[in-house]
Amino acid sequence: MSTTQTYIQENKQRFLDELFDILRIASISADPAYRSEVLKCADEVARHLKVAGADNVEILQTKGYPIVFGEKIIDANLPTVLVYGHYDVQPADPLELWTSDPFEPVVKTTELHPEGAIFARGSADDKGQFFMHVKAFEAMMKTDSLPCNVKFLIEGEEEVGSASLADFLEDHKEKLSCDVILISDTHIYSNEQPTVTTGLRGLSYVEVEVEGPNRDLHSGLYGGAVPNPINVLSKMIGDLIDDNGHITIDGFYDNVLIVSDEDRKEMNKLKDDQDSYKKSIGLNDIQGEEGYTTLERASIRPTLDVNGIWGGYTGEGAKTVIASKAFAKISMRLVPNQTPEEITEKFTKHFERIAPKSVKVKVTPHHGGMPYVLESNTKEFLAAKKAMEKAFGKEVLPYRSGGSIPITSLFEKVLGAKSVLMGFGLDSDAIHSPNEHYGLYNYYKGIESIPYFFEFYAQG
């Protein structure tokens, strides 16, 4: 691998310039106005795979945006790694909060990235991360050091729920057959303490509606005599979590996997710097479920959060009105042994039960996903751990993430392969927010680590 690493070092600037070209494409899958940009990005991804040395590169159509596929089969008897990523990005709004054009990447220094970070939409999620794999593959091909087979599946709908992916996997099982799936769409704990993600929480996402009077009412004429749906909804939401941070939904914790004291001790080896944590997000104090550390609350425990709430008049000035309806969007992060179907049903029954008789409530389920765990004693995890230790020169620890990537369980179900979550971003990269960025150090460390993963995985 020494010649591969030399090739990487000699081509770092070109690798950055080529990533910039990809980042300039506003491939926003949520907004139909950007359809041509999404399709343009798919074309560019395919072109880069071909240039890197992939065979059978195709842009495969789905009911939504296309999936880019490519492969290099060097020996049918060798293991096959399927690399997954996505070329679509979140909308850049609100634009006024960006310090530079979201689709004109620039490098700026920050406190966490003194060597510079790439500021652009998609830099960390996920263009910068999937492109590491393309460049690492190129380096292995140019130095004749690819130790096992590789396939690429780069989709264009991840930011809108991967709606076409399940059917695509079922329709292309043979084409996508593999021994392991390698994903870089997560983060490490810090640059000082690199990690491999071994767990993700699942998700149940619902929208709720509370309806009171049959029309908006004058708050002077009717106030105090009729139910105000916004007041009612606020109280119902407030009652979903008690003073100890415990979710009050009947049966919510029935199937929660209890993590052993030994495993909790192991995960808390990660430095939990409360002061830095609070400072990074501008808080004076933190809160959460009693009896658990911040690391545990954000990874091995289920949660409930209101993601949006609205109703009544929110325009300029004043309008004294009691709204007819109030709404909220609520997400619940799930842990092993919980399912989105189970939790959605329990939430719905509980929400309907606690509603006062004066209002009508409606719960509309949206998307969900299963939790995922990769045991830290597996061949897949150990290959990632050794690869990153070789590149970073530091001990790499297992890390449970609080986020959700529903496709991991889908991959395992359809393709029968485990996913290795070998991401290189930081949780401070502002993904989905204004001023998203990705450290140059992290980008290059990813490119350096990936060939080592192939090497160690091929060795078994």
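# Notebook: two sheets, their helices and some ring pairs

**Entry 1: H437**

I began with H437, which counts as buried because its relative accessibility is 10%, and the cut-off for buried is under 20%. I keep in mind that this is a predicted model.

Where does H437 sit? I found H437 in strand β18, which covers residues 437–439.

Next I looked up polar partners for the side chain of H437. A polar atom of this side chain lies 2.9 Å from the backbone oxygen of N435. The backbone oxygen of S428 is also there, with 3.4 Å between it and a polar atom of the H437 side chain.

Then I listed the contacts of H437, leaving out residues up to four places away in sequence. H437 touches S428, D429 and A430. H437 also touches H113, A117, I118, F119, S123 and A124.

**Entry 2: the sheet that holds β18**

I moved from the residue to its strand. Which strands make up this sheet, and in what order? I read an open sheet of three strands, ordered β4-β5-β18, with antiparallel pairing. The edge strands are β4 (106–108) and β18, and each of them pairs on one side only. On average, neighbouring strands here are turned by 30° against each other, direction ignored.

I checked the pairing of β5 with β18. Strand β5 spans residues 117–119 and pairs with β18 over three bridges, in the antiparallel sense. I noted one bridge by name: A117 has G439 in β18 as its partner. A117 is also among the residues that H437 touches.

Which helices lie across this sheet? I found two entries. Helix α2 (residues 12–23) lies across β4 and β5, and runs at about 20° to β5. Helix α14 (residues 440–459) lies across β4, β5 and β18, and runs at about 60° to β18.

**Entry 3: the four-strand sheet**

I turned to another open sheet, this one with four strands in the order β11-β13-β9-β14. Its pairing is antiparallel. β11 and β14 each have a single partner strand, so one side of each is left without a neighbour in the sheet. The twist averages 20° from one strand to the next.

How many bridges join β9 and β14? I read eight, in the antiparallel sense. One of the pairs is E209 with K362, the latter in β14.

I looked up the helices here too. α7 lies across β9, β11, β13 and β14, at about 15° to β13. α11 lies across β9, β11, β13 and β14, at about 25° to β9.

**Entry 4: helix α7**

I stayed with α7, residues 229–238. Which of its residues are buried? I noted P229, V232, L233, M236 and I237. Seen down the axis of α7, the buried residues fall within an arc of 130°, so they line one face of the helix. I wrote down the general reason beside this. An α-helix has 3.6 residues a turn, so residues three or four places apart point the same way.

The face turned away from the buried side of α7 carries N231 and K235, both exposed.

What do the buried residues of α7 pack against? I listed the strands β9 (202–211), β11 (303–311), β12 (321–322), β13 (325–334) and β14 (360–369). Helix α11 (340–354) is on the list as well.

I also checked the start of α7. There, a side-chain oxygen of N228 comes to within 2.9 Å of the backbone nitrogen of I230.

**Entry 5: aromatic rings**

How many aromatic pairs does the structure hold? I read 15. The rings of F347 and F351 have centres 5.3 Å apart and planes at 15°, so this pair is stacked. F347 and F351 are four residues apart in helix α11, so about one helical turn separates them. F347 is buried, at a relative accessible area of 0%. F351 is also buried, at 0% relative accessibility.

I then looked up F453 and F454. Their ring centres are 6.3 Å apart and their planes stand at 85°, so the pair is edge-to-face. F453 and F454 are both buried.

My last look-up was a cluster of rings. Ring pairs link F392, F424 and Y441.

Methods: Residues are numbered from 1 along each chain as its sequence is written. This is a predicted model: local features need pLDDT of at least 70, side-chain atom pairs count only at pLDDT 80 or more; totals for chains, interfaces and linings use all residues. Side-chain values use heavy atoms; hydrogens and water are left out. Buried means under 20% relative accessible area, exposed over 50%, partly exposed in between (1.4 Å probe, protein chains only). Helices (H or I, at least four residues) and strands (E, at least two) are DSSP runs, numbered from the N terminus. The arc is that of the directions from the helix axis to the C-beta atoms. Contact means heavy atoms within 4.5 Å. A polar contact is a pair of N or O atoms within 3.5 Å; within protein, one must be able to donate a hydrogen and the other to accept it, and residues adjacent in sequence count only if both atoms are side-chain atoms. Two strands pair if DSSP finds at least two bridges between them. Axes are lines fitted to C-alpha atoms, for helices over the stretch in contact, and angles run from 0 to 180 degrees between N-to-C directions. Rings of Phe, Tyr and Trp (its six-membered ring) pair if their centres lie within 6.5 Å; planes under 30 degrees apart count as stacked, over 60 as edge-to-face and the rest as tilted.
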